[in-house]
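Here are some exercises to work through with the model open beside you. Try each task first, then follow the solution step by step.

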Amino acid sequence: MVAKELFSALKDPSVVIMSNWLKIRGTLKSWTKLWCILKPGILLIYKTPGSDHWVGTILLNACKLIERPSKKDGFCFKLYHPLDKSIWAMKGPKGESVGSITQPLPSNYLIFRAASESDGRCWMDALELALSCSSLSKMSAKSGRDGDLSGSSDLNDSMLENHMENDANSDKSEREAHEDSDNAANENGGRLTEESDMDQSDDVCQQATVFVEEAHEEMGEAGEASQVETVSEENKGLIWTLLKQLRPGMDLSKVVLPTFILEPRSFLDKLSDYYYHADLLSQAVMEESPYSRMKQVLRWYLSGFYKKPKGLKKPYNPILGEMFRCCWLHPQTDSCTFYIAEQVSHHPPVSAFYISNRKDGFCITGSILAKSKFYGNSLSAILDGKARLLFLTRDEEYIITMPYAHCKGILYGTMTLELGGKITIECEKTQCYTEIEYKLKPFLGSSCNVNQISGKIRMGEDVLATVDGHWDSKVHLTEKRTGQQEVLWNPGPDIRRQRLKRQVVQVDQQEAFESERLWQHVTRAIKDKDQMRATQEKFVLEEAQRQEARERAERPWNPRLFTFNTDTNEWHYKYTDTKPWDPERCLLQFEKDGVIQTKEKSRRRSFSYSQNWAAQQKVSPTGS
């Protein structure tokens, strides 16, 4: 009878042995602050108190516990599997198969850091109790074979099932119980705290850049509404002042623009908007036929346009030497797409960029010469340049061009922004070719004529399919041979929810010439709607650049990350690596100081960008 009651108590999902914040060390040797809830047989890990952002669940019946001495402040201990197997449960408390994305975590061990030795000892005692519960339950289950506890042979499955059933009922009380702790976490930037661990015995990519999930992404509404803006009388006066400097055909890059038309982000940052759906390229690499790959490349290309700023805004003109970097984690393939951009020339203004995901088999390189032309009541922003998309395992290169942005109604009428011009996507190896025309709204056109596109996909001289629709909504593809029509692209709510989460470098960790840090005072003034202060801060940056240009007049400028190829008249990333991914040798791809590189295995080991996928692998110990 006592054994039954004890076993029932151990399986009670409402029992919480201990809960608090702990720092957990990731595979890249950075620390992530996470909320840990210890229950009999399991350790639940969340981004914040409550149960809205589950990260993972540790099965304690598979674990051993040891103290781990450290030179850092606090107290460290380690949970690990003695046979180097996964310690993670396959599903979350609500049946989740994919948890919230954090820094990459190992699959067969975890190293924790408590704030103090007393807290650490308390956690050690609590974990030993939980481990003892698991051992005791196994003994009870064994005795159950004689009739006392029949049907209880798998404790952890039972505990997880009970926890999943109880989770919905416990959300509210748990959230209320930890409200104060949640507020304290928000004071520290929401959820993550990073620090470097100089443990020389486990030196795997410890110098890699630490990225954190972007806190907020601004999205303008779909349709024409976000492309139309009424200018106030005060700002019209500023526009008239601006227009006095201009002549038809003049390049606006030589003119000081008022800050009210500026989007609070750099052009280098804005170029990264094309890669929130980089997983479409991961899928394109896997397609068998050249036509199917071209369709998927076109689908990815269209995915880069529907994100719009609120109102008609122009990003900052980058300063020479300015850099921007970010990345996107791919949960489906357990990979990462890295983005690096640098302003390599000021006159003319050229931005170079490089994108790489070697594990999924693609990289992109290119450069853009940004030009603006004034035509009286309208102006055009022309992106002169091309991008080269390379599928590494197929040795296929796709050369891609871009449309121009056209703004009309500057002097009279409603100010409206559209995309125009013909773009091409061409693969010389497969002879597959796509041409898409972005159409401007006719003078007497209706709302259905806004954002229209049309085009064709060819194989040699043969037209395989036609494309038509609206670039910010639904685009149809019609097979020429069969007449069958399909929706090629439709950025509805489901697609928007599937956007990959961009990971960025925190401002205080950025270098002086990284975009967000460089423009932070201008951005803050614009968001505060203090136009005078924004103008002053912008002037300080531009004047510093002019002074730098005067001092540099006698010496050549050498970009840090890109080099100019005189044979092709194109900019190339200095650290390009186009070798196909070798899973037997390649461990993981990472970035440090603008250099995207690959860590290769020195012995058999495996790492994961998301522990929820790494839980399905076996790796050798690296943390002891």
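**Exercise 1. Find the buried residues of helix α7 and what they pack against.**

Step 1. In this predicted model, local features need pLDDT of at least 70, side-chain atom pairs count only at pLDDT 80 or more, and totals for chains, interfaces and linings use all residues. Residues are numbered from 1 along each chain as its sequence is written, and side-chain values use heavy atoms, with hydrogens and water left out.

Step 2. Look for buried positions, meaning those under 20% relative accessible area (exposed is over 50%, partly exposed in between; 1.4 Å probe, protein chains only). In α7 these are L280, L281, S282, A284 and V285. Helices (H or I, at least four residues) and strands (E, at least two) are DSSP runs numbered from the N terminus.

Step 3. Now list the partners, where contact means heavy atoms within 4.5 Å. The buried residues of α7 pack against α8, β12 (323-330), β15 (362-374), β16 (378-391) and β24 (485-489).

**Exercise 2. Describe how α7 and α8 pack: at what angle, and with their axes how far apart?**

Step 1. Two packed helices are described by the angle between their axes and the distance between the axes. Axes are lines fitted to C-alpha atoms, for helices over the stretch in contact, and angles run from 0 to 180 degrees between N-to-C directions.

Step 2. For α7 (residues 279-286) and α8 (residues 290-302), the angle is about 175° and the axes are 8 Å apart.

Step 3. The two helices are therefore roughly antiparallel, a label used for angles over 145 degrees (under 35 is roughly parallel, 65 to 115 roughly perpendicular, the rest oblique).

Step 4. On the α7 side, the contact is made by L280, L281, Q283, A284 and V285; α8 supplies R293, Q296, V297, R299 and W300. These residues divide into 6 nonpolar, 2 polar and 2 charged. Here Ala, Val, Leu, Ile, Met, Phe, Trp, Tyr, Cys and Pro count as nonpolar, Asp, Glu, Lys and Arg as charged, and the others, Gly among them, as polar.

**Exercise 3. Follow R299 and W300 outwards from α8: which residues does each contact?**

Step 1. R299 lies in α8 and counts as buried, at 15% relative accessibility. Leaving aside neighbours within four places in sequence, R299 contacts L280, E486, L488 and W489.

Step 2. With the same neighbours left aside, W300 contacts Y274, Y275, H277, A278, L280, L281, I364 and I400.

Step 3. Next, place W300 in a nonpolar core, a set of buried Ala, Val, Leu, Ile, Met, Phe, Trp, Tyr and Cys residues joined through side-chain atoms within 4.5 Å. The largest core has 54 residues, and W300 is among those with the most contacts inside it, together with Y275, Y339, F353 and Y438. The most is given by α8, with 7 residues. Apart from this core lies another of 28 residues, including L38, L43, C63 and L131.

**Exercise 4. Trace the open sheet of 7 strands and identify its edge strands.**

Step 1. Strands pair if DSSP finds at least two bridges between them. The order is β4-β3-β2-β1-β7-β6-β5, with antiparallel pairing.

Step 2. At the edges are β4 (54-59) and β5 (64-67), each of which pairs on one side only. The twist averages 35° from one strand to the next.

Step 3. Count bridges: β5 and β6 (residues 75-80) share 4, β6 and β7 are joined by 6, and β1 (residues 18-25) and β7 by 2.

Step 4. Check the opposite residues. I66 faces K78 in β6, while R113 in β7 stands opposite K23 and also opposite C76.

**Exercise 5. Is β7 (109-114) enclosed or open?**

Step 1. In β7, 6 of the 6 residues are buried, so this strand is largely enclosed by the rest of the structure.

Step 2. Both faces are covered, with Y109, I111 and R113 on one side and L110, F112 and A114 on the other.

**Exercise 6. Locate two buried glycines, G26 and G99.**

Step 1. G26 sits in the loop between β1 and β2 (31-39) and is buried, with a relative accessible area of 3%. Not counting residues up to four places away in sequence, G26 touches P104, L105 and P106.

Step 2. G99 is in the loop between β6 and β7 and counts as buried at 8% relative accessibility. Its C-alpha atom is separated by 9.0 Å from that of Y46, 53 residues apart along the chain.
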